[in-house]
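Colleague: I am new to this structure. Please pick one part of the fold, take a close look at how the pieces there fit together, and then relate that part to the rest of the chain.

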Amino acid sequence: MAVVPDPDGPGGRLAGLTGSPPERVPDLAAAVAEREAAEQPRWLWTSTGDVYPPLLRAGVRVARCHDLELTEALLLGHAGRWGEPRGLAAAVARLRGLPVPPDRPRPDAEPPGFAQAALFDAVAADHVELSDLLEVYADQTRRITELGSPGRFRLLVAAESAGALIAAEMGHTGLPWRADIHDELLRELLGPPQPMGPPRRLAELAAEINAAFGTRGLHPDLPAEVVRAFHRAGIEIPNTRRWVLRQVDHPAVAPLLEFKELYRIWTAHGWAWCDAWVRDGRFRPEYVPGGVVSGRWATRGGGALQVPKVVRRAVMADPDWRFVVADAGQLEPRVLAAVSGDERLARAAAAGDLYAALAADSFDGDRAKAKIALLGAMYGQTGGDAIPALAVLRRHYPTAFEYVEAAARTGEAGGLVRSWLGRTCPPAAGAWRDAGLDPPDEVAPPPGRARGRFTRNFVIQATAAEWALVLLATLRTRLAGTPAELVLFVHDEVVVHCPADQAESVVTAVHESAVTAGRLLFGATTVRFPLDVSVVGAYADAK
């Protein structure tokens, strides 16, 4: 590791803390803690996901960092080289005109309770030269300076690096989780667990499905078998997705839909999941900042971003503590108003309910029609009820409409589009489709139009992800030095776990962070970014 020159200091200072053998780990952790307490420098390291978790396990937290790998990925994407190796070895090789090695694969996360690697073992295994770190950092700084909007991109890099710190801290802290309540919920939904095979309710539903088809031995969890069963019944379906099944008139549909929902809970968040991922009353997944091409997070293990609502009843605050749950409502439409510079839409976005303001201004008070129009513009819906609504939007808000239309045209032509801060969409070669961001089959247009839909939404969704990330980073700074814990971040929602008597101050900090995020990204815009905030003892009780 190394500390980069402090941008706020006179001339900057460098402190070398290079790789250390495992037996010197305590000294290294102590040195980091000492330097952090003295001046809170910005730490320079290869990957926060590799370096920071061992520090956290040693009881050391840092305020700032520059993540070389995340920054390299952002810069490569901006240059149209999305997906190229981003590790330190690859960056050094590119600088020196050498063959670029692939990044080393990261294993899936191990559930908590498994043997943890010794502090910095992973780092020591890949020898890191201090001179390489500084050379790549200097090159990244130069490349950022040469961009069209270097100030915005620096904010993106800072937010991405801060997000990596927060992700590691949340995985270390964990989300409060009551295993006993989780067990009760599963028994209510599924029946008691069985020594072999699925629980009772799934077995009952499987029997109902077989009876409806007049078969025996059909496995409802295998889509191919279900499609063939419908074919034998004279019904052709392309797949077993929920929206497809709901259009089918057959007695197997109702039990099949229930089976699919309960089977997902059993396999993804059932007893085995709880045994593997919940330890000492906390669920500790491994988050992946920027794991989706739009900049949204993913998880490497535990599925923290996809916990079913019914299971969230097990997420209970500690005694005398509360959850502060903040959700950014109507975030993407507000982002469109801010980035497009459409003054009329910005006036509507200054209201608490953007859709209601839009309806009063241009849609004869019809809020539903206003919502259809705005979402249709951002997601490329061109048929049905959207047609007349989009015509109104195009006429009354031409600047905002043209903003997403231009992004769509660029995508259809195979070009690249960028978020407000400079995150760049993948090229048209298919990487974006591999990321699962293309429209669902039922609304998928021809290939060129499909990419147009992706790029029109990318410029909004990626910017919304940036706003949320800046809010999170700002909130982390405001909560520093307090007992409050950031414990969950899902797209536009932030959850803080705090003592009950501090809940109101956390609420204030959340609202202030939202305002700051809007100002940092968009300056003196009139667009508001309000939050729905709840103070609850159980996560499931939040709005």
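Modeller: Helices, of at least four residues, and strands, of at least two, are runs assigned by DSSP and numbered from the N terminus. On that count the chain has 22 helices and 13 strands. The model is a predicted one. Of its 543 residues, 51% count as buried, where buried means under 20% relative accessible area and exposed means over 50%.

The part I pick is an open sheet of four strands, in the order E11-E12-E10-E13, with antiparallel pairing. Strands E11 (485-490) and E13 (531-536) stand at the edges, where each has a single partner strand, so one side of each lacks a neighbour in the sheet. From one strand to the next, the twist averages 20°. As background, strands of a sheet pair through backbone hydrogen bonds, in either a parallel or an antiparallel sense.

Consider the pairing of E10 with E12. Strand E10 covers residues 321-328 and strand E12 residues 493-499, and seven antiparallel bridges join them. Two of the pairs can be found in the viewer: Trp321 has Pro499 of E12 as its bridge partner, and Val324 has Val496. Helix H22 (residues 503-522) packs on the sheet and touches E10, E12 and E13; the direction of H22 makes about 165° with that of E13. As for cover, seven of the seven residues of E12 are buried.

On its other side, E12 pairs with E11, again in the antiparallel sense, over five bridges. Here the bridge partner of Glu485 is His497 in E12. E11 and E12 form a hairpin with two residues between the strands, and in that hairpin His491 takes a positive phi near 60°.

Positive phi values also occur on either side of E10 along the chain. Asp320 is in the loop between strand E9 (298-301) and E10. Its phi is near 65°, a positive value in a residue other than glycine. Gln330 is in the loop between E10 and helix H14 (331-340), and its phi, near 55°, is likewise positive in a residue other than glycine. The two residues fall on opposite sides of the burial cut-offs: Asp320 is exposed because its relative accessible area is 65%, whereas Gln330 counts as buried because its relative accessibility is 18%.

Now the rest of the chain. Among contacts with a separation of 6 or more, 66% are between residues 24 or more positions apart. Leu185, in helix H8 (residues 179-190), gives one example of residues brought together from separate stretches. The C-alpha atoms of Leu185 and Val311 are separated by 7.0 Å, although the two residues are 126 apart along the chain. Leaving aside residues up to four places away in sequence, Leu185 touches Val310, Val311, Arg313 and Ala314. Leu185 is buried, with a relative accessible area of 4%. A second example is Glu343, in helix H15 (residues 343-348). Glu343 and Thr525 are 182 residues apart in sequence and 9.6 Å apart in space, C-alpha to C-alpha. Unlike Leu185, which is buried, Glu343 is exposed, at 63% relative accessible area.

Parallel pairing can be found elsewhere in the chain. Strand E3 (residues 42-45) and strand E4 (residues 64-67) pair in the parallel sense over four bridges, and Trp43 has Cys65 of E4 as its bridge partner. In a regular strand, side chains alternate between the two faces of the sheet. Both faces of E3 are covered: Arg42 and Leu44 are buried on one side, and Trp43 and Trp45 are buried on the other.

For a helix, take H6 (residues 130-145). Its 16 residues reach 23 Å from first C-alpha to last, close to the 22 Å expected at 1.5 Å a residue. The buried residues in H6 are Asp132, Leu133, Val136, Tyr137, Asp139, Gln140, Arg143 and Ile144. They cover an arc of only 165° around the axis, which puts them on the same side of H6. An α-helix has 3.6 residues a turn, so residues three or four places apart point the same way.

A last note concerns cysteines. The structure holds zero disulfides. Two cysteines count as buried: Cys274 at 8% relative accessibility and Cys425 with a relative accessible area of 1%.

Note on methods:
Residues numbered from 1 in each chain as written. Predicted model: local features only at pLDDT ≥ 70, side-chain atom pairs only at ≥ 80, totals over all residues. Heavy atoms only, no water. Expected span 1.5 Å × (residues − 1). Buried < 20%, exposed > 50% of the residue type's maximum accessible area, 1.4 Å probe, protein only. Arc of directions from axis to C-beta. Disulfide = S-S within 2.5 Å. Pairing = 2+ DSSP bridges. Axes fitted to C-alpha atoms, helices over the stretch in contact; angles between N-to-C directions. Contact = heavy atoms within 4.5 Å.
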